[in-house]
Amino acid sequence: MAGATPTTYSPTPTTGKSKSLIFRNDDVDWVRTDGRDFHQCRPAFFKTRAVNAAAGSAYAEFGNTKVIVSVFGPRESKKAMLYSDIGQLNCNVSYTTFSTPVHGQGSDHKEFSSMLHKALEGAIILETFPKTTVDVFALVLESGGSDLSVVISCASLALADAGIMMYDLVASVSVSCLGKNLVIDPVLEEESYQDGSLMLACMPSHYEVTQLTITGEWSTPKVNEGMQICLDACAKLATIMRECLKGPDSGLED
């Protein structure tokens with residue numbers, strides 16, 4: 001289980017910057033509102049076994065983004081028994097009514113659920129629970145930016161906590177394109193100004209991408225740069241996630 005102190009998993013912020021805190025389209029060198037370097041993630045805090053009634057669960061906190069995920073099953077499923085000899089994965093992402101005071105995320109719920117499913121499915125050894133279903137319920141308690149990335153990482157940890165066999169943990173990080181700059185793990189305000197976004201989920205030990213979502217216009221070099229930034233951060237994030245898992249029942253395949 002994670003300790004009380006959040007862990008930073010990216011470079012130390014550079015010092016000496018005194019530029020405006022307000023981003024403008026012509027800004028090349030500006031300071032992020034929380035003082036982080038462009039390629040520095042927020043401190044990450046994880047806790048497993050956050051919901052007693054669930055087979056597995058996890059809580060994640062990245063700055064003001066707070067997420068809790070519960071996993072139930074495997075349970076017998078008529079649909080799984082009819083259509084497949086391997087296990088089925090159901091994912092649902094929802095927001096509390098008080099998660100954000102400004103913009104509602106209702107229209108994104110179904111899309112986020114589908115994206116969570118895609119990010120996780122390739123990492124789960126579905127053959128280990130044939131003709132049954134595993135349900136993953138993610139709840140965003142507070143929306144502070146990079147919500148889906150935090151949900152994916154937290155859900156992966158909850159699956160491992162439930163003892164679901166996986167090839168590897170899935171870690172996820174996003175970057176925003178702001179003018180000429182790429183900023184990692186953007187907060188809500190930065191997302192509102194972004195020209196585009198890139199969200200990557202991967203199995204770091206296998207160096208395999210399970211989900212890649214890009215919005216806006218990106219050049220090929222920028223895509224490559226953004227992906228490499230995310231892959232490096234995911235590898236460090238996965239180390240923190242592994243530290244949360246205790247005992248032999250984590251569900252990870254050696």
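A nonpolar core is taken here as a set of buried Ala, Val, Leu, Ile, Met, Phe, Trp, Tyr and Cys residues joined through side-chain atoms within 4.5 Å. In this predicted model, the largest such core has 65 residues. Phe46, Leu116, Leu120, Ile124, Val136 and Leu159 have the most contacts inside it. Among the helices and strands, the top contributor is helix 5 (residues 220–244), which gives 11 residues to this core. The general background is simple enough: in soluble globular proteins, nonpolar side chains tend to be buried together.

Val136 is worth a closer look. Leaving aside residues up to four places away in sequence, Val136 touches Val69, Ser70, Val71, Leu89, Asn90, Cys91, Asn92, Leu116, Ala155 and Leu159. Two of these partners, Leu116 and Leu159, are also on the list of residues with the most contacts inside the core.

Next come the sheets. One is an open sheet of five strands, ordered 1-2-3-5-4, and its pairing is mixed. Strand 1 (44–48) and strand 4 (88–95) sit at the edges with a single partner strand each, so one side of each has no neighbour in the sheet. On average, and ignoring direction, neighbouring strands here are turned by 15° against each other. Further in, strand 2 (residues 56–62) and strand 3 (residues 65–76) run antiparallel and are joined by seven bridges. Phe62 has its bridge partner in strand 3, namely Thr65. Helix 5 packs on this sheet by touching strand 1 and strand 2, and its direction makes about 30° with that of strand 1.

The other open sheet has four strands in the order 7-6-8-9, this time with antiparallel pairing. Its edges are strand 7 (181–184) and strand 9 (208–215), each of which pairs on one side only. Neighbouring strands in this sheet are turned against each other by 20° on average, again with direction ignored. Four bridges hold the antiparallel pairing of strand 6 (residues 171–178) with strand 7, and the partner of Leu178 in strand 7 is Asn181.

What lies across this four-stranded sheet? Helix 3 (residues 147–161) lies across strand 6 and strand 8 (196–203), running at about 170° to strand 6. Helix 5 turns up once more: it packs on the sheet through strand 6, strand 7, strand 8 and strand 9, with its direction at about 145° to that of strand 6. Helix 5 thus touches strands 1 and 2 of the five-stranded sheet as well as strands 6, 7, 8 and 9.

Definitions and conventions. Residues are numbered from 1 along each chain as its sequence is written. This is a predicted model: local features need pLDDT of at least 70, side-chain atom pairs count only at pLDDT 80 or more; totals for chains, interfaces and linings use all residues. Side-chain values use heavy atoms; hydrogens and water are left out. Buried means under 20% relative accessible area, exposed over 50%, partly exposed in between (1.4 Å probe, protein chains only). Helices (H or I, at least four residues) and strands (E, at least two) are DSSP runs, numbered from the N terminus. Contact means heavy atoms within 4.5 Å. Two strands pair if DSSP finds at least two bridges between them. Axes are lines fitted to C-alpha atoms, for helices over the stretch in contact, and angles run from 0 to 180 degrees between N-to-C directions.
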